[in-house]
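Reader: I should like to learn how to read the features of a structural model. Please give the general idea in each case and then turn to the example.

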Amino acid sequence: MNAWVSAPATIQNVGSGEIFTPAQIKHFRHNLLAWYEAHARDLPWRRMRDPYAIWVSEIMLQQTRVNAVLDHYARFMARFPTVQKLAEAEEPEVLAIWSGLGYYRRARMMHRAARVISNELKGHLPRTAAGLRRLPGIGAYTSAAIASIAFGDPVAVVDGNVERVVLRVRPRNSGIQAVAQVLLDPMRPGDFNQAMMELGATVCLPRNPLCLHCPVQKLCNTRGEHPVAPRKESVRKRVGHALVRRGERVLLEQRAQDASLMAGMWELPQLDGTLPGPERLLFTISHSITVTNYSVDIFRLRADEVHLLPEGGRRKWISVDDLAEIPLTGLARKVLKRLQVFKPPVSGGPLQR
DNA sequence: AAGACGTGGTC
DNA sequence: TGACCAAGTCT
């Protein structure tokens, strides 16, 4: 038996809606939602009905863990509380708030989408998954998430969590999207979708799932057995950056606007092969960017030694008090924080509790 | 349509 | 310590 042979049966199952019996579906919805009510984490965006607030959270959560999002979310919402405010902002301001979260294209696209919403949609987000899908940065998952959570549109989301849950629970060879849609509780699509993701994130874990705590264990087909995809090989590199200070200012360098990685963002000036003597080495830290693991040497240069720097991008002296307003790369933030040059602002505003 | 895109937590 | 991995989207 192989996937090709069994594919037609899958389609038939999906078409006739017999992936699970009605009783099983009812059991699944009831148990999952009851579990969710008892175990849902108290997250800021779950306290809000504002579609914009939901949108921001969904973009930030793409490929990013909840814990990494919380601080940035509070700061972002305090700084850009409405679509209109976001649309009015300049891109570097948006990137500055996003700094450290990664996948900066998300911020650029969300900013562009906010301008579309402001200019062409009277400031209102589309209320359906199909409408949302047309905006930059909003794909299959995010459109379904916003539509179901903010507007009650009965569309099942399929993210990494849901995919894993469905792969474990479903009968063999049924389609993932179809199973998720069949299981979805159309009366509470937003809660149901979040419950599925919450289950995947906290119980139905990739490696060692906590099946004993699982509310739908009874009708799970695998109880945890789950294939893992092979990973890309990582690359190791060593690079150098210079810390140059002049009083309360730090020298920063802008990455090329057409760089594929962190275009136009600011970092400590790069050094090439001719490094300063080892006595100038402040420290070495490791930093991973996508599949490359960098060993980063940070050298101290005096302000009168900037001519020793190689040809680089645009450079600028920035007051340490203004660093929070600069779109720094994550690496630059990390280095400047470690040196206590940069202290990220305490997030304030209405979201703070 | 496979590869690119960031980062920090976890085990 | 280092590999794995996270509420995807775009090209």
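Reader: How far apart do the C-alpha centres of domain 1 and domain 2 lie?

Author: Please note that this is a predicted model. The domain assignment divides chain A into domain 1, residues 3-219, and domain 2, residues 235-338. Their C-alpha centres are separated by 36 Å.

Reader: How should one read the interface, and what area do domain 1 and domain 2 bury between them?

Author: Interface size is often expressed as the accessible area that is lost when the parts come together. Here domain 1 and domain 2 bury about 680 Å² between them, with 55% of it on carbon and sulfur atoms. On the side of domain 1, the greatest losses of area to domain 2 fall on Ala 96, Ser 99 and Tyr 104, which together account for 57% of what that side buries. In terms of contacts, nine residues of domain 1 meet eleven residues of domain 2.

Reader: How many salt bridges and how many residue pairs in polar contact are counted between domain 1 and domain 2?

Author: The count of salt bridges between the two domains is zero. Three residue pairs are in polar contact, both residues of each pair being at pLDDT 80 or more. As to secondary structure, helix H4 (66-79) and helix H6 (91-98) each supply at least two residues of the side of domain 1 that touches domain 2. H6 gives the most to that side, with three residues.

Reader: Turning to cysteines, how many disulfides does a search of the whole structure find?

Author: In general, a disulfide is a covalent bond that joins the sulfur atoms of two cysteines. In this structure the search finds zero disulfides.

Reader: Why does Cys 204 form no bond with Cys 214?

Author: The closest cysteine sulfur to that of Cys 204 belongs to Cys 214 and is 6.3 Å away, which is too far for a bond. Likewise, Cys 211 is in no disulfide, and the nearest cysteine sulfur, that of Cys 220, lies 6.3 Å from it. Cys 204 counts as buried, because its relative accessibility is 10% and the cut-off for buried is under 20%.

Reader: Is Ser 118 buried or exposed, and which residues does Ser 118 touch?

Author: Ser 118, which lies in helix H7 (residues 105-120), is buried, with a relative accessible area of 18%. Leaving aside residues up to four places away in sequence, Ser 118 touches Gln 84, Ala 87 and Gly 123. With Gln 84 there is a polar contact between the two side chains, at 3.0 Å.

Notes. Residues are numbered from 1 along each chain as its sequence is written. Chains are lettered from A and ligands numbered from 1 in the order in which they are written. This is a predicted model: local features need pLDDT of at least 70, side-chain atom pairs count only at pLDDT 80 or more; totals for chains, interfaces and linings use all residues. Side-chain values use heavy atoms; hydrogens and water are left out. A disulfide is a pair of cysteine sulfur atoms within 2.5 Å. Buried means under 20% relative accessible area, exposed over 50%, partly exposed in between (1.4 Å probe, protein chains only). Domain bounds come from an automatic or database domain assignment. Contact means heavy atoms within 4.5 Å. Buried area is the accessible area (1.4 Å probe) that two parts lose on being put together, summed over both. A salt bridge is a side-chain nitrogen of Lys or Arg within 4 Å of a carboxyl oxygen of Asp or Glu. A polar contact is a pair of N or O atoms within 3.5 Å; within protein, one must be able to donate a hydrogen and the other to accept it, and residues adjacent in sequence count only if both atoms are side-chain atoms. Helices (H or I, at least four residues) and strands (E, at least two) are DSSP runs, numbered from the N terminus.
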